Amino acid sequence: MSEGVAAALSEASYERLRRATETHREELVIRLAGEAGLRPAEIARVRPVDVTTHDHADVAHNFLSVRDEEGEVVREAYLPADVEHDLRQYARTVGVDAEERVVSVSPRRVQMLIADVGDRAADRTDDDALRDVSSRTLRRFFARQLLDEGVDPRAVAAVGGWERLASLDPFVDDVDRGDVAAAFAGTDFAPARQPAEAPAEPDLHFDAAFDRVRAVGDALAETSTRDGVEQRTCEALVRGDTYEFAWIARYSGGTLHAATHAGAADAMVGVAADDGAIADTLTSGEVRVTNNVHDDAGFADWRAHANEAGFGAAATVPVDDGDTTYGVLGVGVDGTISDRERDLLADLGQRVGRTVTVVQQRQLLLADTVLELAFETTGDESFFAAAAAKHGCTFELDGVVPGEEGALLYFVRLSGASAETVLSWAADQPAVAGGRLVRDYGDESLLELAVTGADIAKTLTDRGASVREVTATPAEQRVVVDVTTDTDVRSLVAAVTDVFPDTELVSKRERDRPDETSAAFRASLHESLTDKQASVLRAAYHAGYFEWPRGSTAEELADAIGITSPTLHNHLRRAQQKLLTAFFAEDDVGRGGVEWPDD
């Protein structure tokens with residue numbers, strides 16, 4: 001299908017598509033196609049160093065150098081300010097160097113990502129037209145938006161990579177008499193008319209709110225603890241006159257715990273979680289807005305505070321990462337909150353939630369004391385339990401690393417059944433995206449399985465736990481995980497048993513991590529490695545890439561992770577260099593190098 005016949009996408013449908021994204025990368029890909037007009041191959045080549053600015057009429061405009069396969073610049077795309085901000089923040093969050101690709105996947109993977117978001121948006125909104133969304137659809141939306149805004153077609157063609165103005169014809173509707181009259185209005189060919197009404201006033205409050213949300217994004221990029229995430233979010237929101245107060249309450253065990261606030265929010269600590277707007281937000285996962293707290297029964301608990309602090313409009317926003325609800329963000333406004341601002345706040349709540357997930361995972365890696373939880377299930381809803389029962393075999397976890405699009409890449413030792421039989425069966429299971437034999441040891445084999453669907457270990461990992469042990473026998477599956485000591489265990493157990501009803505928590509204990517020297521070494525290494533470098537290094541280790549003979553080739557490993565072979569080598573080289581630096585640096589300090597012993 002040519003670009004010219006790609007399905008049309010309305011502005012409302014595009015917003016539904018954006019709200020259906022579940023990761024920063026998904027949203028960035030959608031925006032680069034729909035708001036910067038990039039093709040999949042061009043998205044896959046974007047690097048931070050390609051972003052430049054140009055000053056025009058005292059305003060700095062952002063441009064992106066679009067490159068071909070040889071790395072030559074073929075055009076300059078225009079980057080809206082908030083898209084440039086998202087790109088910069090994402091690169092900083094995942095640790096992408098200036099010369100590295102921001103979206104380090106193949107063009108085909110970019111196309112699949114867009115299609116997946118479209119399907120997800122269709123499922124959530126009943127807008128079946130979103131199932132047909134593609135990169136072509138988004139580029140058509142990009143062109144139509146610019147042309148409808150009156151941007152010179154020559155500029156649209158230049159930034160979008162269309163060589164001829166005629167290429168834009170499919171994006172422009174046929175004109176009728178009204179369109180022609182509107183086009184001629186105001187020219188010397190049109191009759192004189194009465195002076196036009198004054199243009200609508202700009203929405204200064206929304207512009208200010210947008211600036212506050214951007215400021216939160218900048219603050220989150222520098223935060224390493226949950227307390228810091230919540231405090232910086234509130235402080236960034238109340239700077240200026242946009243929000244009278246900002247307040248975040250943590251939610252655990254069915255109870256709200258007032259964690260932090262900024263502005264005039266002291267009186268909000270008594271607001272309950274089981275009634276009113278906050279209960280609606282926790283139940284629905286949606287933003288709740290009122291423009292008059294005195295007339296809205298859901299905000300009855302807010303009225304005394306509204307009188308004292310001087311605000312009449314308020315909103316409650318879920319703070320979640322798509323899987324786990326961490327709490328509620330409350331804001332008060334001396335004015336009104338529009339639908340656009342509601343969407344802005346919903347996006348903010350997800351960003352804060354995702355940041356909490358990231359910092360908790362990092363804290364878990366570096367913590368001296370963790371909470372160890374052991375789960376057991378006798379049901380067959382969990383993938384490894386079902387596989388063990390089906391084939392009368394045993395699985396033991398060797399290692400697990402994050403895969404693409406939310407998958408987990410498990411390396412498991414199989415005994416009691418042939419690898420060929422198990423892999424053939426797994427290929428037909430909806431929970432599995434792929435699998436292969438890594439090495440055959442005779443009495444057991446090492447398998448690599450990319451699990452995207454129902455499995456207890458994956459459910460726990462999606463909620464921030466670190467998997468230590470997975471064992472599955474024909475009788476039961478046992479999963480042991482580590483979580484931070486402040487984890488809401490009750491909510492975590494409920495999340496697991498809701499999906500796997502035959503599962504129970506069989507033990508819970510605090511555990512000190514031994515060997516301080518090793519822990520310090522891992523901590524220092526983690527600080528230097530990006531998340532992608534750490535994942536690639538771990539996957540290579542478990543897949544036998546460093547063994548001789550190798551258990552996996554670079555091509556097999558890259559395909560399992562969902563990246564190209566050159567990108568794999570790039571991450572491995574950088575990770576190995578940092579690993580060796582961390583290992584040798586302390587010994588070499590003050591000694592001028594390594595001292596070799598005498599023979």
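How many of the 11 residues of helix α2 (residues 24-34) are buried? The count is 10, so helix α2 is largely enclosed by the rest of the structure. The model is predicted. The buried residues of α2 are Arg25, Glu26, Glu27, Leu28, Val29, Ile30, Arg31, Leu32, Ala33 and Gly34. Charged names such as Arg25 and Glu26 are on that list. So are Leu28, Val29 and Ile30.

**The three-stranded sheet**

Strand β1 gives another picture of burial. It is hardly covered: of its 6 residues, the buried count is 0. Strand β1 spans residues 51-56.

Strand β1 belongs to an open sheet of 3 strands. The order is β1-β2-β3, and the pairing is antiparallel. Strands of a sheet pair through backbone hydrogen bonds, either parallel or antiparallel. Here β1 and β3 are the edge strands. Each of them pairs on one side only. From one strand to the next, the twist averages 35 degrees.

How many bridges join β1 to β2? There are 6, and the two strands run antiparallel. Two positions show how the strands line up. Threonine 52 stands opposite phenylalanine 63 in β2. Threonine 53 has asparagine 62 of β2 as its bridge partner.

The link between β1 and β2 is a hairpin, with 2 residues between the strands. Alanine 57 sits in the turn. Its phi is positive, at about 55 degrees.

**Aromatic pairs**

The structure holds 10 aromatic pairs. One of them joins phenylalanine 63 and tyrosine 78. Their ring centres are 5.4 Å apart, with 90 degrees between the planes, and the pair is edge-to-face. Phenylalanine 63 lies in strand β2 (residues 59-67) and tyrosine 78 in strand β3 (residues 73-79). The two are 15 residues apart, and the pair links distant parts of the chain. Phenylalanine 63 is also the residue that threonine 52 faces. Why does tyrosine 78 count as partly exposed? Its relative accessibility is 32%, and the partly exposed class runs between 20% and 50%.

A second pair brings together tryptophan 247 and tryptophan 302. The ring centres are 6.3 Å apart and the planes stand at 80 degrees, so this pair is edge-to-face as well. Planes over 60 degrees apart earn that label. Where do the two residues lie? Tryptophan 247 is in strand β4 (residues 245-252), and tryptophan 302 is in the loop between β6 (288-290) and α12 (303-309). The pair therefore ties together parts that are 55 residues apart in sequence. Both tryptophan 247 and tryptophan 302 are buried.

These two tryptophans also belong to one aromatic cluster. Its members are Phe245, Trp247, Phe299, Trp302 and Phe311.

A ring can also meet a charge. The charged end of arginine 340 sits over the ring of phenylalanine 206. It lies 3.8 Å from the ring centre.

**Helix crossings**

Helix α6 takes part in two crossings, set out below.

| Helices | Axes come within | Crossing angle | Hand |
|---|---|---|---|
| α6 (residues 135-148) and α7 (residues 153-160) | 10 Å | roughly 155 degrees | right-handed |
| α1 (residues 11-19) and α6 | 11 Å | roughly 130 degrees | left-handed |

How are α6 and α7 oriented to each other? They are roughly antiparallel, because an angle over 145 degrees counts that way. Helices α1 and α6 are instead oblique to each other.

**Two contacts across the chain**

Alanine 236 lies in helix α10 (residues 226-238). Is alanine 236 buried or exposed? It counts as buried, because its relative accessibility is 1%. Alanine 246 is 10 residues away along the chain. The C-alpha atoms of the two alanines are separated by 9.1 Å.

Serine 424 is found in helix α15 (residues 419-426). It counts as partly exposed, at 47% relative accessibility. Serine 424 and glycine 435 are 11 residues apart in sequence. In space they are 9.0 Å apart, C-alpha to C-alpha.

Technical notes:
Residues numbered from 1 in each chain as written. Predicted model: local features only at pLDDT ≥ 70, side-chain atom pairs only at ≥ 80, totals over all residues. Heavy atoms only, no water. Phe/Tyr/Trp six-rings, centres within 6.5 Å; stacked < 30°, edge-to-face > 60°. Helix = DSSP H or I, 4+ residues; strand = E, 2+ residues; numbered from the N terminus. Buried < 20%, exposed > 50% of the residue type's maximum accessible area, 1.4 Å probe, protein only. Lys NZ or Arg CZ within 6 Å of the ring centre and 35° of its normal. Pairing = 2+ DSSP bridges. Axes fitted to C-alpha atoms, helices over the stretch in contact; angles between N-to-C directions. Parallel < 35°, antiparallel > 145°, perpendicular 65-115°, else oblique. Left-handed = near helix turned anticlockwise from the far one by under 90°.
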